[in-house]
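Here are a few short exercises to work through with the coordinates open. Try each task yourself before reading its solution.

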Amino acid sequence: SQGEGLGNQFLAHIREVSAIAHVVRCFEGGDIIHVSGKVSPLDDIEIINIELALADLQGLEKRLERLKKTAKSNKDDAELLEQAEKLLKPLSEGIPARLSGFDVPKDLGLITGKPLIYVANVDEATLSEDNDLVRQVREYAAKEGAEVVKISAQIEGEIAELSDEEAAEFLEGLGLTESGLERLVKVGFKALGLQTFLTSGGKEVRAWTIKQGTKAPQAAAEIHSDIERGFIRAEVIEWDKLVEAGSIPNAKAKGWVRSEGKEYVMRDGDVVNFLFNV
């Protein structure tokens, strides 16, 4: 928060992201020294939360000075000023904006207003069953309504060096079906309100990211604006149904491919063929 070293540059990077993954140490081990001399995930969380809240407070105070000058002649700035003033007190007390109970306008660029995921970094033994440190983080996160993902950074590093087949065998040996990175991606999508649909052609299958609640024409726009403009209908099937059928022709023969119109709300994992005319 004092801008020491790469402090200010680091904060500028965080302000650009859509959500924050806060990695917290949840393993003992004398060979890896903790900067505080002890392993306490809750202390680590509190320190970062307060640091970020103070950084937000400093930025907000500067923003308020500008807003007070423009609010008299600009209705939008007047509303923003009112919302900003409400956030001053909780931030000055080290309370993240997302926990203030007030709306946090994106225009204020507050770091502590972003969705947050706690990543509990554990050892191999704790992957199958939570230790006391992980349980502390889960209890803390539950009070915030935040998600927790448990991973082992050491194991993730080992997996990254393996082929897909070797990685699958390695995970199976640990009693896991997916890597920590895969779990983190899923939780990240949930925190951001995102989902995926797929298109399948002769040359490739591709995933497209959209906001939850997106309708078919707007989803089509992710591929090309012409498809949205000339949207006729969408041929849709759930991905697992397509896998079971083995091919689109087989799925159509079984009557599993649906025809959906402009009001269709996309579902996570839909495989879609958009019909359009421009």
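**Exercise 1.** In this predicted model, find the salt-bridge partner of Glu260 and classify both residues as buried or exposed, or in between.

*Solution.* Step one: look for the partner. Glu260 forms a salt bridge with Arg258, and their closest N and O atoms are 2.9 Å apart.
Step two: apply the cut-off. Buried means under 20% relative accessible area, and Glu260, with a relative accessible area of 19%, is buried. Arg258, with 22%, is partly exposed.
Step three: widen the view. A network of salt bridges links Glu238, Arg258, Glu260 and Arg267.

**Exercise 2.** Work out which parts of the chain are tied together by the salt bridge of Glu144 and Arg98.

*Solution.* Step one: check the contact. The side chains meet at 3.6 Å, N to O.
Step two: place the residues. Glu144 lies in helix 4 and Arg98 in the loop between helix 3 and strand 2, so the pair ties together parts that are 46 residues apart in sequence.
Step three: add accessibility. Glu144 is buried at 16%, while Arg98 is partly exposed at 24%.

**Exercise 3.** Describe how strand 3 (residues 147–151) pairs with strand 2 and how the chain crosses between them.

*Solution.* Step one: pair the strands. Strands 2 and 3 run parallel over five bridges, and one bridge joins Asn121 to Ile151.
Step two: follow the chain. From strand 2 it passes through helix 4 (residues 132–144) to strand 3, a right-handed β-α-β crossover.
Step three: inspect the surroundings. Four of the five residues in strand 3 are buried. Lys150 of strand 3 meets Asp130, in the loop between strand 2 and helix 4, in a salt bridge of 2.6 Å, N to O. Both Asp130 and Lys150 are buried.

Technical notes. Residues numbered from 1 in each chain as written. Predicted model: local features only at pLDDT ≥ 70, side-chain atom pairs only at ≥ 80, totals over all residues. Heavy atoms only, no water. Buried < 20%, exposed > 50% of the residue type's maximum accessible area, 1.4 Å probe, protein only. Helix = DSSP H or I, 4+ residues; strand = E, 2+ residues; numbered from the N terminus. Pairing = 2+ DSSP bridges. Right-handed = clockwise from strand over helix to strand, strands pointing away. Salt bridge = Lys/Arg side-chain N within 4 Å of Asp/Glu carboxyl O.
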